[in-house]
Amino acid sequence: MRPRARPQPRGASHLLRKTRLLRWAPRSLDVDHQKADWVSIHERICQLLIPIHTSLPFYSSEKERKHGTEQLLNRQKHIIDLAYSTAQKFILEGKPGKAIPAGLQALRFSIRVYGSYSVDVVPAYLVLAEACIGAGCLTQATTYLSQAQWIVLKTPDCSPAVQYKLHRDLGLLYAAKGNLEQSVHHLANDIYLASCAFGPNTIQTAGGYFHMANIFLRQNKMDIVNSLYAEVTAVWHAFLVRSVQTQEQILKLQAEASPFDEDGEAGKDHLTEAQQAEAIQALNAILDFREQAPKQQPAETAKVLHSLAMLYYLSMDLSKAQEVGVKAFDLVKQLPQQESLEAIDHLLKLINSKPFHKK
């Protein structure tokens with residue numbers, strides 16, 4: 001007589017699913033850390049998973065069945081967005097290990113919603129690759145990027161807006177591996193495809209220029225580094241000037257419509273959280289380069305400082321905005337050409353018109 005199977009305890013199927021997902025995680029990550037990081041994403045999506053894992057009820061009509069199916073699909077897409085944004089957040093905070101479980105959930109539900117070979121799955125592969133590169137798990141990052149690259153190659157009409165991100169991550173992967181020639185090749189493709197998708201002088205292309213400059217810095221090709229850093233600064237400076245002007249116009253309109261509305265959030269949507277983090281990282285790295293260079297270029301340094309002051313102002317980090325803005329103002333006053341002095345002075349007045357608080 002065959003012995004009866006031992007009944008699984010309540011929640012065992014959930015634990016089995018979790019274990020299968022953890023097997024996807026890079027082997028070099030400590031198992032206890034994997035489990036702890038899993039908790040970080042599971043707490044955010046646990047309640048969303050309940051209706052998805054519950055059997056669909058019996059529908060009495062085709063209309064009800066269609067509505068129920070659409071609701072299920074929307075819930076799954078919401079989990080994809082939440083998991084993806086959580087993974088991005090951890091990467092931006094310098095916690096790539098914590099981003100991996102969130103990225104795995106984004107991948108899992110992207111495959112469930114769109115299919116294994118859909119180009120809509122590529123963003124999940126890319127965020128996982130970025131997390132693995134940051135965590136030093138280059139073999140796993142290579143696997144994820146190979147899968148993303150295969151899907152893109154099998155999609156003839158794949159948007160340049162997707163392709164440029166793939167090439168950027170490939171460039172970062174090869175840089176981490178020490179293959180600088182291949183890194184520059186992919187970053188060149190990144191810049192070209194971003195230019196096709198968004199235009200040549202946009203913040204999307206600036207990221208490719210910045211990473212390429214970092215490669216040439218490792219090769220001690222300072223003339224190229226100087227030129228590329230100047231391009232990155234110019235792109236961000238122009239974008240931030242427009243953003244500050246737009247926010248000021250919105251604030252004026254809000255004041256006219258409701259004089260008591262002073263929430264300080266106008267213009268917030270002009271920069272995403274990821275773009276803010278990218279700009280802060282790039283501009284601070286360029287500032288360090290400018291300030292430590294044997295041959296000083298005060299005009300370029302002042303432009304970086306002005307850009308950072310605008311960026312901190314837009315993100316409502318007013319104490320930093322004033323600190324950097326004053327440095328820019330004092331530096332420009334010492335230059336023969338002082339065209340930006342009025343703009344920096346106006347920015348400082350905008351900063352001082354709001355109560356200071358630290359982020």
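**Figure 1. Order of the secondary-structure elements along the protein chain.** From the N terminus on, the elements of this predicted model run α-α-α-α-α-α-α-α-α-α-α-α-α-α. The protein chain holds 14 helices and zero strands. Of its 359 residues, 43% are buried. Among contacts with a separation of 6 or more, 65% join residues that are 24 or more positions apart in the chain.

**Figure 2. The largest pocket and its lining.** The space in the largest pocket amounts to about 1100 Å³. Rolling a probe the size of a water molecule over the atoms shows where empty space is left. A total of 37 residues line the largest pocket, and Gln88, Leu92, Glu130, Ala274 and Glu278 are those nearest its centre. By class, 17 of the lining residues are nonpolar, 12 are polar and eight are charged.

**Figure 3. Helices that contribute to the lining of the largest pocket.** At least two lining residues come from each of α3 (62-92), α5 (122-135), α7 (160-177), α9 (203-218) and α11 (273-292). The largest share belongs to α3, which supplies eight residues.

**Figure 4. Helix α7, its two ends and its surroundings.** The end C-alpha atoms of α7 are 25 Å apart, which agrees with the 26 Å that its 18 residues should span at 1.5 Å a residue. At the N-terminal end, Ser159 acts as the cap of α7, with a side-chain oxygen 3.0 Å from the backbone nitrogen of Ala161. Just after α7, Gly178 adopts a positive phi of about 90°. Buried positions of α7 are Tyr164, Leu166, His167, Arg168, Asp169, Leu170, Gly171, Leu173 and Ala175. The elements covering these buried residues include α5, α6 (138-153), α8 (180-198), α9 and α11.

**Figure 5. Helix α8 and its buried residues.** Helix α8 comprises 19 residues, and the distance from its first C-alpha to its last is 26 Å, close to the 27 Å expected at 1.5 Å a residue. Leu180, Ser183, Val184, His186, Leu187, Asp190, Ile191, Leu193 and Ala194 are buried in α8. The packing partners of these buried residues are α7 and α9. An α-helix has 3.6 residues a turn, so residues three or four places apart point the same way. Just after α8, Gly199 shows a positive phi of about 110°.

**Figure 6. Asp190 of α8 and the residues around it.** Asp190 is part of helix α8. Its relative accessibility is 0%, so Asp190 counts as buried, the limit being under 20%. Apart from neighbours within four places in sequence, Asp190 contacts Tyr164, His167, Arg168 and Gly208. Tyr164, His167 and Arg168 are among the buried residues of α7.

**Figure 7. Arg168 of α7 and the residues it touches.** Arg168 belongs to helix α7. With a relative accessibility of 11%, Arg168 falls under the 20% limit and therefore counts as buried. When residues up to four places away in sequence are not counted, Arg168 touches Leu187, Asp190, Gln204, Gly207, Gly208, His211 and Glu278. Of these contacts, Leu187 and Asp190 are listed among the buried residues of α8, and Glu278 is one of the lining residues nearest the centre of the largest pocket.

**Figure 8. Leu153 in α6 and its separation from Gln163.** Leu153 is located in helix α6. Because its relative accessibility is 68%, and the limit is over 50%, Leu153 counts as exposed. Leu153 and Gln163 stand 10 residues apart along the chain, and their C-alpha atoms are separated by 9.6 Å.

**Figure 9. Two loop residues with a positive phi, Asn220 and Met316.** Most residues other than glycine have a negative phi, and most peptide bonds are trans. Asn220, although not a glycine, has a positive phi of about 60°. The loop that holds Asn220 lies between α9 and α10 (222-257). Asn220 has a relative accessible area of 56% and is therefore exposed. Met316 is likewise not a glycine, yet has a positive phi of about 65°. The loop between α12 (298-314) and α13 (318-333) contains Met316. With a relative accessible area of 14%, Met316 is buried.

Methods. Residues numbered from 1 in each chain as written. Predicted model: local features only at pLDDT ≥ 70, side-chain atom pairs only at ≥ 80, totals over all residues. Heavy atoms only, no water. 1 Å grid on protein atoms, 1.4 Å probe; cavity = no way out; pocket = protein on both sides within 12 Å on 5 of 7 lines; lining within 4 Å. Points joined across faces, edges and corners; volume = space filled by probe spheres on them. Helix = DSSP H or I, 4+ residues; strand = E, 2+ residues; numbered from the N terminus. Nonpolar A, V, L, I, M, F, W, Y, C, P; charged D, E, K, R; others polar. Expected span 1.5 Å × (residues − 1). Buried < 20%, exposed > 50% of the residue type's maximum accessible area, 1.4 Å probe, protein only. Contact = heavy atoms within 4.5 Å. Polar contact = N/O pair within 3.5 Å; in protein donor to acceptor, adjacent residues only side chain to side chain.
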